[in-house]
Amino acid sequence: MSYNLFLLAFVLGITGAFHYGLQVSIINSPAEYIQSFIRETWLKRYGSSPSAQMITLMWSFIVSIYSIGGLLGSSSAGYLSVRFGRKKAMLLANIPALLGAALMGLSRLCGSFEMIIAGRLFSGVCGGLAQNVHIMYAGECAPRKLRGLIAITASTSIAAGKFAGFALGLREVLGVEALWPILLAANAVPVLVQLLTLPFFPDSPRYLLIDQKDKEGCIKAVKQLWGDGDHVAEIDDMMSEQKAIRGEKAKSVWDLLRDRAVRWQLITLFLVVSCMQLIGTNVVYFYAYSIFTKAGIPPTQIHYVSLGVGTTEILSTVLCGFLIERAGRRTLLWKSYTVMALALGLLTVTLFLQDSFFWVPYCSVALVFIFIMSFGIGPGGVVCPLITEIFIQSYRPAAYVFNGVTNWIQLFILGLVFPFIVEGLGNFCFIIFLAYCLSMAIFVFLVLPETKGKTMLQVMEEFNRLNYRGKKGQAAPQQSNCSVVTVTRL
């Protein structure tokens, strides 16, 4: 295989999923400085200090507006990736990223906290668009035997982005009052790197052949990304998928919701992929500070332990990349969900008993790391290639739009509701997420077909057994062409 494929995965990650992870974590460190800036700016404008409730409201708006931008970006991912191609859509995502970085970086100089709000909105648009296009682009560029490994680089990029956000936010780096505007504008650097490097790579071979019907462009892209080896079987797979689609244009989200041919794919997408917020990672991160404090870690050192948590997530996603083509998607998912459910159950017990014995807080710390590792090895990594594998080309853009919109809406709603859940249930709030993880372990074990090493059409046939169960003699609309094999010589 050519190293160009792995270089492309790295370049995509620079602004793709990395941007999302960076923006999620980077906003926490300068919180007190931004709130102080809001207070000072308000005082200069209106001659009176704002109330504590007003500052809290402005700060909450700065944090949550990112989700609104992400929702807008995700909604446009399907149209832009079909209209302009995967590569151009990825390049277009850099425009709101640069605009957002400029607004946030110049906000203090201009004396406007509204610029931070606008900058976060534009950054969210980039995050929603780039993350979806990144995973789609990477999955479509990879050959069958490396599809899982290449797609998982998106998950690794998210974890690396979170780690970079925590690291840049340290007081020894940019986490001081004089440098917080530079900290917020730091994402401009990877954006510029991608703008300079991505134009040298080809568009997705599947997009070129199936959507653009550019066979020569597809073969050229395959040779550039995969090398000069014999790739006839992969080209045949793409040709068969093109034949099965029968020239149909990309489907809309409404088509995805009402078409019986993709009913169980949609159920899988919603339950396993789109409901990632219900796994409980945000809850564990929320409780991590108090857990580490109870274990005797000084508050000044908590940030460094958080870096350890971030490193664990990165290493676990890398480990998932090595395991996914051996163990398979289905096995990694149901086993990881089971371990996560057990970890959440035990964490509920240890938090309830943390003042009873001196060693209980250390058990809680260990359970946090076990949960994060299980998340990275399982759903955190596996869901990246899953969307590409369970949907054929005509439905794939709509599936990514549905997934992105659902994820961002859940992130926004959970951000609003979560404080009330914690206030009402306390440590027992983990029970909600435990129940979800356990339900997903059962669903994946009993329902989800294995996609490892299978063509898109083979996976579609597996789902057709679920979509048309009990309908003997009835085939999926595309299935009549699934057996077509086109002989292609490079």
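G376 sits in helix α19, which covers residues 360-377. In this predicted model, G376 has a relative accessible area of 0% and is therefore buried. Its C-alpha atom is separated by 4.7 Å from that of T317, although the two residues are 59 residues apart along the chain. Apart from neighbours within four places in sequence, G376 is in contact with S316, T317, C320 and G381.

**T388 and its surroundings**

T388 belongs to helix α20, residues 379-390. With 0% relative accessibility, T388 counts as buried. The side chain of T388 makes a polar contact of 2.7 Å with the side chain of Y400. Leaving out residues up to four places away in sequence, T388 touches I135, M136, G139, E140, R396, Y400 and M456. Y400 thus appears both as a polar partner of T388 and in the list of residues that T388 touches.

**Helix α22**

Helix α22 runs over residues 430-446 and has 17 residues. From its first C-alpha to its last, α22 reaches 25 Å, close to the 24 Å expected at 1.5 Å a residue. The buried residues of α22 are F430, F433, L434, Y436, C437, M440, A441, F443 and V444. An α-helix has 3.6 residues a turn, so residues three or four places apart point the same way.

C437 counts as buried because its relative accessibility is 0%. The cysteine sulfur closest to that of C437 belongs to C275 and is 12 Å away, too far for a bond. A search of the whole structure finds zero disulfides. C110, at 48% relative accessibility, counts as partly exposed.

F445 is also part of α22. With a relative accessible area of 40%, F445 is partly exposed.

**Aromatic pairs and charges over rings**

Where does F445 find a ring partner? The partner is W334 in helix α18 (residues 329-352), 111 residues apart from F445. The ring centres of W334 and F445 are 5.0 Å apart and their planes are at 70 degrees, so this pair is edge-to-face. W334 counts as partly exposed because its relative accessibility is 25%. R330 lies over the face of F445, at 5.3 Å from the ring centre. The ring of F445 therefore has W334 as an edge-to-face partner and R330 over its face.

The whole structure holds nine aromatic pairs. Another of them joins Y66 and W408, whose ring centres are 5.5 Å apart with planes at 65 degrees, so Y66 and W408 are also edge-to-face. This pair links distant parts of the chain, with Y66 in helix α4 (residues 52-83) and W408 in helix α21 (residues 396-425), 342 residues apart. Both Y66 and W408 are buried. Ring pairs link Y20, Y66 and W408 into a cluster.

A further charge over a ring involves R83, which lies over the face of F84 at 5.0 Å from the ring centre.

The table lists contacts of aromatic rings.

| Ring | Partner | Kind of contact | Distance |
|---|---|---|---|
| Y66 | W408 | edge-to-face pair | 5.5 Å between centres |
| F445 | W334 | edge-to-face pair | 5.0 Å between centres |
| F445 | R330 | over the face | 5.3 Å from the ring centre |
| F84 | R83 | over the face | 5.0 Å from the ring centre |

**Two loop residues**

S112 is found in the loop between α6 (107-110) and α7 (114-141). At 12% relative accessibility, S112 is under the 20% cut-off and therefore counts as buried. The side chains of S112 and E114 are joined by a polar contact of 3.1 Å. A polar atom of the S112 side chain also lies 3.3 Å from the backbone nitrogen of M115. Not counting residues up to four places away in sequence, S112 touches F37, R45 and S107.

K213 lies in another loop, between α11 (205-211) and α12 (215-226). Is K213 buried or exposed? K213 is exposed, because its relative accessible area is 54%. Most residues other than glycine have a negative phi. K213 has a positive phi of about 55 degrees although it is not a glycine.

Technical notes:
Residues are numbered from 1 along each chain as its sequence is written. This is a predicted model: local features need pLDDT of at least 70, side-chain atom pairs count only at pLDDT 80 or more; totals for chains, interfaces and linings use all residues. Side-chain values use heavy atoms; hydrogens and water are left out. Helices (H or I, at least four residues) and strands (E, at least two) are DSSP runs, numbered from the N terminus. The expected span of a helix is 1.5 Å times one less than its number of residues. Buried means under 20% relative accessible area, exposed over 50%, partly exposed in between (1.4 Å probe, protein chains only). Rings of Phe, Tyr and Trp (its six-membered ring) pair if their centres lie within 6.5 Å; planes under 30 degrees apart count as stacked, over 60 as edge-to-face and the rest as tilted. A charge sits over a ring if NZ of Lys or CZ of Arg is within 6 Å of the ring centre and within 35 degrees of the ring normal. A polar contact is a pair of N or O atoms within 3.5 Å; within protein, one must be able to donate a hydrogen and the other to accept it, and residues adjacent in sequence count only if both atoms are side-chain atoms. Contact means heavy atoms within 4.5 Å. A disulfide is a pair of cysteine sulfur atoms within 2.5 Å.
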